[in-house]
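Me: I should like to work through this structure by question and answer. Please reason briefly each time and finish on the value or name requested.

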Protein chains: 2
Amino acid sequence: MTNLFNSKLSVINVGVSDFAKPIIGSDAKVINVDWTPPGNDENVARALGQLVNRSEVEEANHRSFQRYLDSQPTLVGVKPAFQVIEGMSEKTIMHSGPPITWEKMCSPMRGAIIGACIFEEWETDHKSAEKTLESGAINFIPCHHNRAVGPMAGIISPSMPVWIIDDPVHNSRYFSNLNEGLGKVLRFGANDSEVINRLHWMKEVLGPALGKSLEKMEPLKLKPLMAQALHMGDEVHNRNVAASALLLKRLITAALKTDIKVSVLSELVNFISNNDHFFLNLSMSACKAMMDAAHGIPGSSLVTAMARNGTDFGIRVSGLGDNWFKAPAPLIDGLFFPGFDASDANPDLGDSSITETAGVGAFAMAASPAIVQFVGGSAYDSIENTKLMSHITHSQNDAFTIPQMNFSATPACIDVRKVIDTSIMPIINTGIAHRKAGVGQIGAGITKAPADCFSQAVIALAKTFSN
Amino acid sequence: MTNLFNSKLSVINVGVSDFAKPIIGSDAKVINVDWTPPGNDENVARALGQLVNRSEVEEANHRSFQRYLDSQPTLVGVKPAFQVIEGMSEKTIMHSGPPITWEKMCSPMRGAIIGACIFEEWETDHKSAEKTLESGAINFIPCHHNRAVGPMAGIISPSMPVWIIDDPVHNSRYFSNLNEGLGKVLRFGANDSEVINRLHWMKEVLGPALGKSLEKMEPLKLKPLMAQALHMGDEVHNRNVAASALLLKRLITAALKTDIKVSVLSELVNFISNNDHFFLNLSMSACKAMMDAAHGIPGSSLVTAMARNGTDFGIRVSGLGDNWFKAPAPLIDGLFFPGFDASDANPDLGDSSITETAGVGAFAMAASPAIVQFVGGSAYDSIENTKLMSHITHSQNDAFTIPQMNFSATPACIDVRKVIDTSIMPIINTGIAHRKAGVGQIGAGITKAPADCFSQAVIALAKTFSN
């Protein structure tokens, strides 16, 4: 006991952080554990009790996880959306996140949809477009409902070119739009002539050139390319510098085998080599393929999608079909570009959190210490973030390893039970959109999935069992 | 005292490692410090005493280091060696490392020189080439003596295309040959028709295409590109994956502005995109430019070159003019490709240790945890290696930062005094050549510069002062 009173104290404080204040005053080292009772709610705790150590759940998760590991997303082509996406009828626009009505959409998403109407030549000006959209004449579908994903507003309209990603293991096909670059772009809600002209160039020049080039190369397995990028400082969500350069190497090699004119090749190389996020949409659709493979296993508590429409944050769970479990989209803790602050920020937006769902992005943050330069932490924090996520994942994915952690595998496949049990929420690396359409990106940072989504899912999953 | 005997021991053992054996037997933690008295020689210790804390040396090192920091190596072109390298007279061959005669050359260097004679069409077959070389009719000059560097055998003959790197800050110009790729290549001593044909293609197709392309782009500052590559898992000596991809992006953008035929563009892109070491020779010549800027400051104890010809390892020191301080080239501690072992290995070879001299390569190993996969260590070791080197360098270079060490700067510019004082030898990441010409690379690993080079330099530098 004498030892205890004479030595410097190291205290772990669980729960209310004020309890630790007197101890901090006495110069002891205190670690505050951000813990609340599971779900903070009796119903959630009871549901969790029914799911923990339940063999049906364990077996379902094992099966679901194995399908995730087995998936082999492979880039096979680029075509206009209406030609390849089944649910893409004439006046349909796909958007990011869970389903949402025009009335509830945030301003960047509305701006992006207005831009898409003008790009498609359904309308000639903003006013008439807005009127048409208010009337309900345009059909909105979440990208996720059509085997697709899109960053930020995630707008895909019928004539936009889309990446086609096959998973030959599960005989399925996925899609994403092409990345427009940074600055004034549709996905942040910008819709002036510069944006529309770029979309036309992407439709008429970039898309066909990519399509032709891909015909000249072997189908490109995306997981090995993502794995290589993780060894080169990317986390393939907010940093895609290496992956984009590696992709360009392959694309240009193929493009030079086509009859594409040199002037067009030049435009293509300029566009891609000046957009370090070019690979993002491929990373996202590869992750979508992996997670859809894991989806639909009765009893499984693994999260198969996390997505935001700028108003709601929603998750889907493997054993819970097409339901979305939603909560208000959170704000983002990050660094803002000069002239902007938190009051300018739109709540969290986009399908890109499919990367974290699949065990990359913030879950592989340790691989990408440069990411913390954007969000105000240290390289050490990036390792801690990856380690923290291992408490809420089913297992790890040996296909994705992290040099900075002695090539240990990334934590993969969030288990809603573990999230509620530990009160550790999945972290997400993300860009911050201005809340007004068209201003664009105003910063980047880290956010956490809202606890309420996981509480609802735990209750719903417990209900699928008879007792 | 009771505490000391009851607690687990942690012991630092200085010098003879056997002294620690009984302690290790008792389950204590022992760190062996690899220390011997400075220089292991009275003359060296006396010379070191004359140099330590000497204001003339400190001032000279400060000036030398500032010139190193100020240098701005910039890629400006590609031309045949004879057109741009002054010392390149008609029957001259440049090689790596300190000066050496034909008699003393290792087999890979001899093989490479025979190949160069055939490539230049001075000889038609190996036998006649060997006879000519034995006769002394060919002039050998170290690359370093002609402001150039070359990896492994480092052979540059008159009609080979060379990179031209300017340092506009110091109004000087540097050179390196183009990287041939892996496998059977001249720099490992291979000289059959496959090798000679590739050299002809590089002379007639690749070199001119690169030259034309570089005319269409702004002079390319190499330090920022190297710094970016350090953030992408390269250490720009034994790993150049990111740097090569970043370079290709710029080259192809420029190449598409020229009148180069698409079929040639295609060959160029294939060659570069399949050679992850393509950037190495640029990294080396950039480092040569930085170190030559630091060279020639009277009194300075900073190392401005470390180079090996496969027989000798030599260093040059800023305050000691054109002298080489030599010792036998060391063997390399590393991993061997299947079928080979240490008995097959040639001693250390090549000018590529100019990268370590300039504070990258093994000195920035922490930036490149993937490197340890080749040499059998852990990612942790790579950080320890970088930290260790900070004990023997003058300072650090803020132009090169390491994400894995919270973006701290790389240790830079070896001080011969510190090497002798600490007995910490500079470490070098390197490929391992088979000791027979033409077999090629048989592994990769880590070696240390021989202590004797630094002892000689300390004695020589002390002699430059009157007392």
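Me: Which residue just after helix 12 of chain A takes a positive phi?
Reply: The model is predicted: local features need pLDDT of at least 70, side-chain atom pairs count only at pLDDT 80 or more, and totals for chains, interfaces and linings use all residues. Residues are numbered from 1 along each chain as its sequence is written, while chains are lettered from A and ligands numbered from 1 in the order in which they are written. Helices (H or I, at least four residues) and strands (E, at least two) are DSSP runs, numbered from the N terminus. Just after helix 12 of chain A, a positive phi of about 85° belongs to A:Gly296.

Me: How many residues of helix 12 of chain A are buried?
Reply: A residue is buried if 20 or more other C-beta atoms lie within 10 Å of its own, exposed if 12 or fewer, and partly exposed in between, with C-beta atoms placed from the backbone. By this rule helix 12 of chain A is mostly covered, and its buried residues number 15 of 15.

Me: What distance separates the end C-alpha atoms of helix 12 of chain A?
Reply: The expected span of a helix is 1.5 Å times one less than its number of residues. Helix 12 of chain A covers residues 280-294, so its 15 residues should span 21 Å. The distance in the model agrees, at 21 Å.

Me: How confident is the predictor in chain A, as an average pLDDT?
Reply: pLDDT is the predictor's confidence in each residue, from 0 to 100. In chain A, 92% of the residues score at least 70. For the complex, the predictor gives an ipTM of 0.86 and a pTM of 0.90. The average pLDDT of chain A is 93.

Me: What turn lays chain A on chain B?
Reply: Copies are superposed by least squares on the C-alpha atoms of residues with pLDDT of at least 70 in both. The fit of chain A on chain B has an RMSD of 0.0 Å and a shift of 0.0 Å along the axis, with a turn of 180°. That is the relation of a two-fold axis.

Me: Which residue of chain A comes closest to the rotation axis?
Reply: The distance is taken at the C-alpha atom, and the value for the closest residue of chain A is 2.1 Å. That residue is A:Met232.

Me: Which helix gives the most residues to the side of chain A that touches chain B?
Reply: Two residues are in contact if their C-beta atoms, placed from the backbone, lie within 7 Å. On this basis 27 residues of chain A are in contact with 27 residues of chain B. The elements of chain A that give two or more residues to this side are helix 11 (262-273), helix 15 (379-389) and helix 10 (241-255). The most, eight residues, come from helix 10.

Me: How many residues of helix 10 of chain B are buried?
Reply: Helix 10 of chain B has 15 residues (241-255), and its end C-alpha atoms are 21 Å apart, in agreement with the expected span. This helix is mostly covered, with a buried count of 13.

Me: Which residue is the bridge partner of B:Asn429 in strand 18 of chain B?
Reply: Two strands pair if DSSP finds at least two bridges between them. Strand 17 of chain B and strand 18 (residues 441-448) of chain B run antiparallel and are joined by seven bridges. Seven of the seven residues of strand 17 (427-433) are buried, so this strand is largely enclosed by the rest of the structure. The partner of B:Asn429 in strand 18 is B:Ile446.

Me: Which residue stands opposite B:Val149 in strand 8 of chain B?
Reply: Five strands of chain B form an open sheet in the order 6-8-7-3-9, with mixed pairing. Its edge strands, each pairing on one side only, are strand 6 (148-149) and strand 9 (220-221). Strand 6 runs parallel to strand 8 (residues 172-177), and two bridges join them. Opposite B:Val149 in strand 8 stands B:Ser176.

Me: Is B:Asn171 buried or exposed?
Reply: B:Asn171 is placed in the loop between strand 7 (161-167) and strand 8 of chain B. Its phi is positive, about 55°, although B:Asn171 is not a glycine. With 7 other C-beta atoms within 10 Å, B:Asn171 is exposed.
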